[in-house]
Amino acid sequence: MRVLFAAPARQWDEWAPALTAACPEMELCRDGAPDSFDALIYAPGYPEDGATLDFTPFTRARVVQSLWAGVERIVTNPTLTQPLCRMVDPGLAQGMVEYCLGWAMRAHLGMDNYPQDGVWRNGVVPPLASGRGVTVLGMGELGRTVSAALVALGFRVTGWSQSGRPVDGVEVLPGRALPDALHRAEILVSLLPDTAETRNLLDAPRLSLLPKGAVIINAGRGTLIDEDALLHALDSGHLGHAILDVFRQEPLPADHPFWANPRVTVTPHIAADTRPETAAPVAAENLRRAMRGEPLLHRVDLARGY
């Protein structure tokens, strides 16, 4: 099969060896006639001249395999008619688990309450994890994996998704029960995608539903949170802290108020990177499935946006 590597040129040296090792029967190309390709491996930023990729000439392509978990920058392309698959791989999921658990434990234990300044403080002993309510917004592959890890540590975990589809070991509330999910969230973990339904989901009225002192960990998409409302909730003391890995504009501008707010921790979109060594086999499996006419893994519903 002939496959176009439709990703920024800087990623070629990192990805090409892993992809060709995982799928040696593939001819991986950086350019060529669009109608000569059986599939595309795609990442935003291609083409690098800033133009929007026109998928129309790729008449033979049976699949567009994204290298990213998020596909909001692809599904809005009106020329995309080929099947699109998002990236869900073990390394990405493990990276997200480690990020969310690390920050959740830091918030749970109050690790920032003890500056090393020579002052002995009689701190408040935190409850055991079983006494701490954690809500996970978004119960897709990543949400389910993170929720399972939180449950394994003993946290009282509530999941929330629009469908409310059951997940083993976690009580999942449906869309209409968002207020209840927020009420339970001493720690709120957001892993939601960017869709019309999720944008500004956490506005001022909904942020006010969180318990006083609640901590937000947003590793989903920056569009989920109304930034002004979040800053107000933090500055008023209603919310304790926000750990933010995703933003409406990335890189986050140097003059953005998040940088200067002591109740905000900014991380540079590092929660769950796609690693070639674990992602390449997933891409290879989908390429083979496409060639055989079999159901694809993690196919995106273009109408829903994920």
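Is C29 buried or exposed? I put this to the model, which is a predicted one, and found that C29 counts as buried, at 9% relative accessibility.

**Entry 1: cysteines**

I next looked for disulfides and found zero in the structure. A disulfide is a covalent bond between the sulfur atoms of two cysteines. For C29, I noted that the closest cysteine sulfur belongs to C23 and is 12 Å away, too far for a bond. Looking from the other side, I found that C23 has its closest cysteine sulfur in C29, again at 12 Å. The cut-off for a disulfide is 2.5 Å between sulfur atoms. I also looked up the accessibility of C23, which is buried, with a relative accessible area of 1%.

**Entry 2: helix α1**

I then turned to helix α1, which covers residues 12-22. I listed its buried residues as W12, W15, A16, A18, L19 and A22. Against which elements do the buried residues of α1 pack? I found three strands, β1 (2-6), β2 (27-29) and β3 (39-42), together with helix α9 (276-292).

**Entry 3: an aromatic pair**

I looked up the aromatic pairs and recorded a count of five. A pair of aromatic rings is described by the distance of the centres and the angle of the planes. I examined F247 and F258, whose ring centres lie 6.2 Å apart and whose planes stand at 50 degrees, so I entered the pair as tilted. For that label, the angle must be neither under 30 degrees, which would be stacked, nor over 60, which would be edge-to-face.

Which parts does this pair tie together? I placed F247 in the loop between β11 (239-244) and α8 (257-260), and F258 in helix α8 itself; the pair therefore links parts that are 11 residues apart in sequence. I checked the burial of both residues. F247 is buried at a relative accessible area of 9%, and F258 is buried at 3%.

**Entry 4: the cavity**

I searched for enclosed space and found one cavity of 30 Å³ or more. Rolling a probe the size of a water molecule over the atoms shows where empty space is left. I noted a volume of about 50 Å³ for the largest cavity. Both rings of the pair in Entry 3 belong to residues of its lining, F247 and F258. The other lining residues I recorded are N218, G222, I225, E227, L230, L244 and V246. By class, I counted six nonpolar residues, two polar and one charged in this lining.

**Entry 5: the second largest pocket**

I moved on to the second largest pocket, which holds about 510 Å³ of space. I found 27 residues in its lining, and the closest to its centre are A107, G110, N113, G213 and V215. Which elements each supply at least two residues of this lining? I recorded α3, β10 (214-218) and β11. The largest share, five residues, comes from α3. I entered the classes as 14 nonpolar, eight polar and five charged residues.

**Entry 6: M111**

Lastly, I looked up M111 and located it in the loop between α3 (90-109) and β6 (133-137). I noted M111 as partly exposed, at 48% relative accessibility. With its neighbours within four places in sequence left aside, I found M111 in contact with M105 and R106.

Key
Residues are numbered from 1 along each chain as its sequence is written. This is a predicted model: local features need pLDDT of at least 70, side-chain atom pairs count only at pLDDT 80 or more; totals for chains, interfaces and linings use all residues. Side-chain values use heavy atoms; hydrogens and water are left out. Rings of Phe, Tyr and Trp (its six-membered ring) pair if their centres lie within 6.5 Å; planes under 30 degrees apart count as stacked, over 60 as edge-to-face and the rest as tilted. Helices (H or I, at least four residues) and strands (E, at least two) are DSSP runs, numbered from the N terminus. Buried means under 20% relative accessible area, exposed over 50%, partly exposed in between (1.4 Å probe, protein chains only). On a 1 Å grid over the protein atoms alone, a cavity is a set of points where a 1.4 Å probe fits but cannot get out, and a pocket is an open set with protein on both sides within 12 Å along at least five of seven lines; lining residues have an atom within 4 Å of a point. Grid points are joined across faces, edges and corners, and a volume is the space filled by probe spheres set on the points. Ala, Val, Leu, Ile, Met, Phe, Trp, Tyr, Cys and Pro count as nonpolar, Asp, Glu, Lys and Arg as charged, and the others, Gly among them, as polar. Contact means heavy atoms within 4.5 Å.
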